[in-house]
Amino acid sequence: MRKYIILLALSFLSLLGNSQEVSITGTIKDIDTDEKLEAATVFAQKVSDSSLISYTISNQFGDFKLTTDTQDKRIRFLVSYNGYQTIEKYMDLDGTNIDLRIIKLKPFIFELNETEVIGEIPPILVKKDTLEFNAASFRLRLDSTLEDLLRVLPGVTVEDDGSIDVNGNQVSGIKINGRSFFSSDTKIALKNLPIDIIDKVQVVDKKSVLEEFTGANAKSDEKEINVTIKKDNSKGFFGNLLAGVGDDGEYQISGIGNYFNKEQRLTVLGGSNNIDNPGFTYDDLSELSSNARNLSWRGNLKGISSSNDTGLNFSDELSSNIDITGEYFYSDVDVKNTDIVERQYFLPENSYVNESEANQDFLERSHRFDVDLKLRPDSLTQISVVPRVRIRTDNDRENVVGKSTRLNGTIINQITSDFFNEGKNEDLSSKLGLVRKFKKPGEYFAFEVFSRLNNEDIEQEISNNVDIFDENGDSNVDLTSQSVDQKIENFQFNGKMEVKDEIFKNTFLIPSIRYNYQVFETQRNVFESHNLENEFFITRLSTDFDNKFSYFLPNLGIEFNTEKMDLSLFGGVYYSKINGFESNLDFTRDSYYNDFYVDAYLSYKLSSREKFTFIYNTSVDLPNKRYFLPVPNEIDLTNIYLGNPSLDRIYRQDISINYNNYNSKSKVGFFVYGKVSLFRDDISIIRNTNDELIRTTSYTNTDGNIDGNFRVSLSKTKNFENGRIRYHLGFNSRLYRRNNFTNGLSYKIDRWSLYPTFRMSLNDGDIFDLQTSYSPRIVLTNYSPELFANTSILSHEVSLKTSLNFPKGLIFENDVVFNSRPDIGPGFESSNVFWNASLGYSFFKNKGFLKIRYFDLLNENVKNSRYTGEDYIQDSQSSVLNRYLMLSFSYRVSKSKK
C-alpha cells in the first residue's frame with residue numbers, strides 16, 4: 001500500500017513539474033457589427049494529436065481568459081461561435097502571457113442550396129438553454145463509460161447511487177437521442193453506455209410535454225441529460241455480459257444488450273445476485289460500497305438482499321408523425337435482516353427505554369410497464385398517450401422480542417410478536433394530452449386528463465404475547481392472535497384545460513381550469529382470539545370507510561417573456577370538499593373549503609452563465625389515507641394507532657429561490673438554493689402513554705408546521721497536462737418543524753440537519769483517478785417548551801477512492817470509508833473502516849475484463865445509526881454482508897454498421 005501511494009504521488013508530481021501556465025486573453029466581436037459575442041468557445045489543442053489542453057467561454061462583454069497548463073511549446077488555438085466561421089492559429093509558448101486584444105469573427109454566408117457547415121467542433125458549446133459537450137474532446141480510457149465522461153465534465157457531479165447534478169441542479173433522467181432510457185434508473189445508462197459510441201452530451205432544462213412541444217421555456221429547476229450517438233454507430237449492437245462467483249456462495253450475473261437502427265432502439269437486460277445489490281447490477285466497486293453504507297432499500301427496511309431483475313426498453317419513430325417509447329421491468333428482492341433497536345421515549349413526567357430485536361424476511365415481486373406515445377396529425381397538433389402499470393406482491397415475516405423499562409431499569413412491559421403479511425398492489429394509470437398550437441408563436445390550446453386506479457389487498461396474521469408487570473414485578477400475560485383482511489380501492493381523476501393568447505408583444509393571457517377528484521374505500525375486517533380461545537369478528541377494530549376529496553380551480557394567469565426574463569403570475573380559488581362515510585360508526589361528514597391559489601414565477605438570466613429563479617405557489621391536498629381510518633390498529637399492542645376521519649385538507653405554500661453561476665474562465669461554479677414550505681391544517685401527532693407504557697397515537701390538524709431546505713455549493717476545476725483537479729465545497733441544511741401533543745401537553749419540535757461536504761478529485765484520464773471527501777453530519781433537535789431534553793447528533797464520514805492503471809491492462813482500485821458516530825449509545829460500534837479493493841486485467845482489445853474483488857478487507861462493515869424522531873432518540877443496528885472474495889469476468893460486445 002505504501003509503494004502504491006508513493007507511485008501515485010510521483011505520477012502526480014511528474015505531471016505538474018514540467019508544465020508552464022500561460023494565460024491567453026482577448027475580446028471577441030462580430031467583424032461587421034462590432035457586437036461583442038457572449039458564450040463563444042475558446043480552446044487550445046495539442047499540435048501532435050489535437051487532444052484538448054484547455055477551454056473557456058467568453059463572458060457577456062466578449063472577454064475571455066484561457067489558461068494553458070502544458071509542457072508543449074506550441075499549441076493550436078481556436079475560437080468557435082455558433083453561426084460564425086471558426087478562427088484557428090498556431091501559437092508558440094515561452095512562459096509569457098499573451099494578449100490577443102480584439103478577435104473578429106465572420107458570420108457564415110449560406111448559399112441557397114447550402115444545408116450544413118462543418119467546422120472544428122468545440123469541446124463545449126452554449127446554445128440558448130442547452131449546454132453541449134463534445135465527448136471526443138475529453139481524454140479517457142478506451143473502456144470508459146458515460147459515467148466516466150460525466151465525472152470529468154465541468155460543473156457535473158455524479159454520486160455513487162447514480163444521482164447527478166449540474167451546477168447544483170438535479171438531473172431527473174437520461175435520454176438517448178432525445179428519447180427516454182430506463183427513466184427510473186440512471187445507473188443503467190451511466191454504467192453501460194461505452195464512451196466510443198457517444199458523440200455529444202447535452203444538458204437541457206427539464207420540460208413538460210406542453211413546454212417541449214410549444215417551445216416554451218422550462219419552469220422546472222431540474223435538468224435532463226441527452227446523449228447523442230455517433231452517426232457511425234446509429235446502426236448496430238453493443239452490450240455487456242458479467243458473471244462473478246465468491247468464496248462463500250456469493251454470486252452475481254448480469255447482461256445488457258442494445259440494438260440501434262437509426263430511430264429504432266431496443267435494450268434488453270437481466271441480472272441476479274445475492275450481494276446486497278438490488279436492481280440491475282454492475283461489477284462496480286463504488287456501487288457496492290454505496291449500497292453497503294446505505295441503510296435501507298425500500299422505505300425503512302434494512303438488511304441483506306438477494307435480487308433478480310429483467311427488463312427491456314424500446315423506442316421507435318413509427319412514422320414521421322408517430323413516436324413511441326416504452327419499457328418493462330420485473331424485479332424480485334428477498335431481504336433478510338436482524339434489526340436491533342434501542343429507543344428512548346421522552347415523556348413530560350417520566351421517560352422510558354424500549355429495546356427490541358426483530359428478525360425479518362421480506363420478499364417483494366414487482367412488474368412495471370410504461371408506454372409514451374406521441375401522435376402529430378399535423379405540425380401544429382400533438383396528442384400524447386401515457387399508460388402505466390405497476391403490480392407488486394409482498395410476502396413478509398417478522399418476529400419481534402421487545403421490552404420497555406423505566407430509566408431506573410424497572411421493567412414495565414414485555415412483548416413477543418410474530419407477524420405475517422401477504423399483499424398485492426395493482427396500480428393502473430393513464431394520461432391523455434392534446435396540444436394545439438396556433439399560428440402565432442407562443443399561442444396554444446391544451447387539454448389533459450389523468451386517471452389512476454389503485455387496488456390493494458392485504459392479509460395479515462399477528463400473534464402477540466404481552467406481559468404487563470406491576471410494581472411488585474408480577475406479570476399479567478395476554479396472548480392475542482389477529483387475522484386481518486383489508487381491501488383498499490383508490491381512484492383519482494385530474495383534468496386541466498388552458499388557452500394561451502398573446503395580448504401584447506411578448507405578453508400572454510392564460511385562462512385555465514383544473515379539476516381533481518379522489519376517492520378511497522377501505523374495508524378492514526379483523527378477527528381476534530385471546531389466550532388461544534375461539535376467534536371472533538371484532539367490530540371495534542373493523543371498518544368500512546369511504547372518503548372523497550375534490551377541488552375545482554378556475555384561474556387566470558399572465559406571462560411575460562423576453563430573451564433574458566420569464567415572468568408569470570397566476571391567481572384563482574380552490575373550491576374543495578371532503579365527503580366521508582363509515583357505516584359501522586354511523587359517521588358522515590361534508591366539509592367545504594375555499595383557498596386562494598397563487599403561482600408566481602420569475603426567471604432572470606444575468607448572463608449566459610448566470611440565472612436567478614424565484615417561485616411561489618400554493619396547493620391543497622388530502623392527508624395520507626391511513627390517517628383517516630377511524631378504528632384502532634392493534635397489530636402491535638404496545639403501539640396502537642387510531643385515525644381521525646374528521647381531518648381537514650392541507651393547505652401548503654412553497655417559496656423557493658435558485659441562483660447558479662458557472663464561470664468557464666476561472667472554472668468556478670457557484671450555486672445557491674433555498675426553499676421553505678409553510679403548512680396550514682397540516683397533520684400533527686397526538687400521543688398518549690399510560691402507566692403500562694402502552695402508546696396510543698392519533699392525528700389532528702394544526703398550523704405552523706414548516707419544512708425548509710437550503711443548499712450552497714462552490715466548485716473549482718483546474719486543468720493541467722493530461723488531467724484535471726476539482727474541488728467542491730457544499731453545505732446542505734434542512735429544517736423540520738412540527739407541533740405535536742403528548743399526554744395532554746402541546747410542544748414544538750425543531751430539527752436542524754446540517755451537512756457540510758468537502759470533495760476533491762484528481763484525474764489523469766490514462767494513469768489514475770483519485771476521489772476523496774469529508775462529510776460531517778450534525779442534527780440538532782430542540783423542543784419548546786422544554787418538556788424534553790434537547791439533543792444533538794454528530795457523525796463523520798471520510799472516503800478515499802483510487803484507481804491506478806498499470807501498463808498491459810492492469811487496474812488496481814480501492815474504496816476506503818471511515819465512519820465515526822461518537823454520540824451513538826453503548827453497545828453499538830462508534831467507528832469503523834470499510835475497505836473494498838479490486839485488481840482487474842483488461843484483454844481482448846479492452847473487450848474482456850477479469851477482476852478479483854475483496855469486499856470488506858478489515859471485516860468492519862456495520863450498519864449503525866442514531867436518529868431522532870418526534871419524541872424519541874434511537875440507536876439501531878441491522879444485518880450486513882460478511883467479508884468475501886469474488887472473481888468476476890465481463891465481456892463487451894460491439895458491432896456497428898454505417
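A nonpolar patch sits on the surface of this predicted model. Val245, Phe806, Leu810, Leu839, Tyr841, Phe844, Leu850, Ile852, Tyr854, Leu885, Leu887 and Phe889 make up the patch, and together they have about 1,000 Å² of accessible area. Beyond the patch, the points below walk through a set of paired strands, some salt bridges and two nonpolar cores.

**The surface patch**

- Three elements each give two or more residues to the nonpolar patch: β44 (831-843), β45 (848-855) and β48 (884-897).
- One of the patch members, phenylalanine 806, is found in the loop that runs between β42 (791-805) and β43 (810-820).
- Phenylalanine 806 has a relative accessible area of 32%, so this residue counts as partly exposed.

**Strand pairing around β34**

- Follow β34 (residues 650-663) and you will find β31 (residues 610-621) running antiparallel to it, with 12 bridges joining the two strands.
- Within that pairing, valine 620 has tyrosine 651 of β34 as its bridge partner.
- β34 also pairs with β35 (residues 668-680), again in the antiparallel sense, over 13 bridges.
- Here arginine 652 is matched with phenylalanine 679 in β35 as its bridge partner.
- β34 and β35 form a hairpin with four residues between them, and in the turn lysine 667 has a positive phi of about 60 degrees.

**Salt bridges**

- Side chains of opposite charge can pair when their charged atoms come close.
- In total, the structure holds 49 salt bridges.
- In one of them, the side chains of arginine 151 and glutamate 147 meet at 2.8 Å, N to O.
- Arginine 151 and glutamate 147 are about one helical turn apart because they stand four residues from each other in helix α2 (residues 146-152).
- How accessible are these two partners? Arginine 151 is partly exposed, with a relative accessible area of 22%, whereas glutamate 147 is buried at 7% relative accessibility.
- Lysine 336 and aspartate 334 form another salt bridge through their side chains, at 2.9 Å from N to O.
- Lysine 336 is partly exposed at 44% relative accessibility, and aspartate 334 is partly exposed with a relative accessible area of 22%.
- A further salt bridge brings together the side chains of arginine 649 and aspartate 595, at 2.9 Å, N to O.
- Arginine 649 lies in the loop between β33 (639-642) and β34, while aspartate 595 belongs to strand β30 (residues 587-607), so this pair ties together parts that are 54 residues apart in sequence.
- Both arginine 649 and aspartate 595 are buried.
- Elsewhere, Arg179, Glu263, Glu317, Asp323 and Arg376 are joined into one network by salt bridges that share partners.

**Nonpolar cores**

- The largest nonpolar core has 41 residues, and Leu146, Leu149 and Leu150 are those with the most contacts inside it.
- Helix α2 gives the most to this core, with four residues.
- Which residues does leucine 146 touch, leaving aside neighbours within four places in sequence? Leucine 146 is in contact with Ile174, Ala189, Leu190, Leu193, Ile198, Val201 and Val227.
- Apart from the largest core lies another, of 23 residues, which includes Phe520, Ile578, Val620 and Tyr627.
- Val620 links two of our topics: this residue belongs to the core of 23 residues and is also the bridge partner of tyrosine 651 in β34.

How values were computed: Residues numbered from 1 in each chain as written. Predicted model: local features only at pLDDT ≥ 70, side-chain atom pairs only at ≥ 80, totals over all residues. Heavy atoms only, no water. Patch = residues over 30% accessible without salt bridge, like charges linked within 9 Å, V, L, I, M, F, W, Y side chains within 5 Å. Areas by Shrake-Rupley, 256 points an atom, 1.4 Å probe, with all protein chains shown as cover. Salt bridge = Lys/Arg side-chain N within 4 Å of Asp/Glu carboxyl O. Buried < 20%, exposed > 50% of the residue type's maximum accessible area, 1.4 Å probe, protein only. Pairing = 2+ DSSP bridges. Core = buried A, V, L, I, M, F, W, Y, C linked by side-chain atoms within 4.5 Å. Contact = heavy atoms within 4.5 Å.
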